[in-house]
Amino acid sequence: FHMYSKALDYLESKLLLSQNSIVDLGCGGGEFLFYAKNRLGCQNMIGLDYSILKVDQENFNKEGITTIKGDIIDSMNSIKGEVELFTAWEVIEHLYIEDLESLFSKVLEKLTKNGFFCFSTPDYDNEICRLFDFHLAFPIQHISIFKETWLNRYIEEKGFKIVHKFH
């Protein structure tokens with residue numbers, strides 16, 4: 001929860017928490033969404049993942065969190081209206097670069113004017129990531145390896161402004 005806490009420490013005072021406030025791409029079991037809901041009291045949340053376990057779906061239902069099951073890029077078309085905060089925790093390394101481009105375009109299209117896209121991914125510039133060969137931990141799943149320097153340039157080329165980074 002360290003990353004979630006650091007992100008919300010920065011974002012909490014900047015979020016309006018309106019309709020479709022938070023969309024978590026690759027939500028898994030909903031850890032971030034449950035954390036954000038408890039911390040922010042947010043009622044308008046969507047979890048999006050290609051697969052959601054039955055037990056996780058039951059927990060989402062109990063908490064009133066909407067879920068969308070399917071390809072994370074195509075499924076974003078199901079989101080009605082604009083989104084204030086998109087998150088993607090340890091997701092983008094599972095995408096091909098072409099899909100990353102589509103994801104960033106779709107997020108930018110759906111984001112409110114003053115919205116945020118907060119994501120995390122291993123940094124191959126980091127000695128610890130290289131030391132433990134993180135990209136080899138799940139070689140079939142970890143398709144793309146990023147260096148922070150490359151990713152910074154890429155993000156800005158796609159039309160985003162980097163407002164805060166943390167490690």
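In what order do the elements of this protein run from the N terminus on? They go α-β-α-β-α-β-β-α-β-α-α-α. Hi everyone, and thanks for coming. Before we go further, please keep in mind that this is a predicted model.

Let's start with the overall picture. The secondary structure adds up to seven helices and five strands. The protein has 167 residues, and 45% of them count as buried. About 9400 Å² is exposed, with carbon and sulfur atoms supplying 52% of that area. Now for the contacts: if you take those with a separation of 6 or more, 67% come from residues 24 or more positions apart.

Here's a nice example to look at on the screen. Find Ala7, in helix α1, which covers residues 2-11. Is Ala7 buried or exposed? Ala7 has a relative accessibility of 2%, and because the cut-off for buried is under 20%, Ala7 counts as buried. Which residues does Ala7 touch, once we set aside its neighbours within four places in sequence? They are Trp89, Cys118 and Phe166. And have a look at Lys165 as well: Lys165 is 158 residues away from Ala7 along the chain, yet their C-alpha atoms are separated by 9.0 Å.

Next stop, helix α2, residues 31-40. Its buried residues are Phe32, Leu33, Phe34, Ala36, Lys37 and Leu40. Notice that a lysine, Lys37, is on that list. What covers these buried residues? The cover includes helices α1 and α3, along with strands β1 (22-25), β2 (45-49) and β4 (83-89). Just past the end of α2 you'll find Gly41, which takes a positive phi of about 70°.

Let me stay with α2 and its partner α3, residues 54-63. The two pack at an angle of about 20°, and their axes are 11 Å apart. Angles under 35 degrees count as roughly parallel, so α2 and α3 are roughly parallel to each other. Their crossing is left-handed. If you'd like to see who meets whom, α2 brings Leu33, Phe34 and Lys37, and α3 brings Asn59, Phe60 and Glu63. Sorted by class, that contact has three nonpolar, one polar and two charged residues.

Now over to the other helix pair I wanted to show you, α4 and α7. Helix α7 spans residues 148-157, and its buried residues are Leu151, Asn152, Tyr154 and Ile155. Among the elements covering them are α4 (97-110) and β5 (111-120). There is a glycine to point out here too: Gly159, just after α7, takes a positive phi of about 100°.

How do α4 and α7 pack? The angle is about 45°, with the axes 11 Å apart. That angle is neither under 35 degrees nor in the 65 to 115 range, and α4 and α7 are therefore oblique to each other. The crossing of α4 past α7 is right-handed. On the α4 side, the residues involved are Ile97, Leu100, Glu101 and Phe104, and they meet Trp150, Tyr154 and Ile155 of α7. By class, this contact has six nonpolar, no polar and one charged residues.

To recap the two pairs: α2 and α3 are roughly parallel with a left-handed crossing, whereas α4 and α7 are oblique with a right-handed one. That's my tour, and I'm happy to turn the model around for anyone who wants another look.

How values were computed:
Residues numbered from 1 in each chain as written. Predicted model: local features only at pLDDT ≥ 70, side-chain atom pairs only at ≥ 80, totals over all residues. Heavy atoms only, no water. Helix = DSSP H or I, 4+ residues; strand = E, 2+ residues; numbered from the N terminus. Buried < 20%, exposed > 50% of the residue type's maximum accessible area, 1.4 Å probe, protein only. Contact = heavy atoms within 4.5 Å. Axes fitted to C-alpha atoms, helices over the stretch in contact; angles between N-to-C directions. Parallel < 35°, antiparallel > 145°, perpendicular 65-115°, else oblique. Left-handed = near helix turned anticlockwise from the far one by under 90°. Nonpolar A, V, L, I, M, F, W, Y, C, P; charged D, E, K, R; others polar. Areas by Shrake-Rupley, 256 points an atom, 1.4 Å probe, with all protein chains shown as cover.
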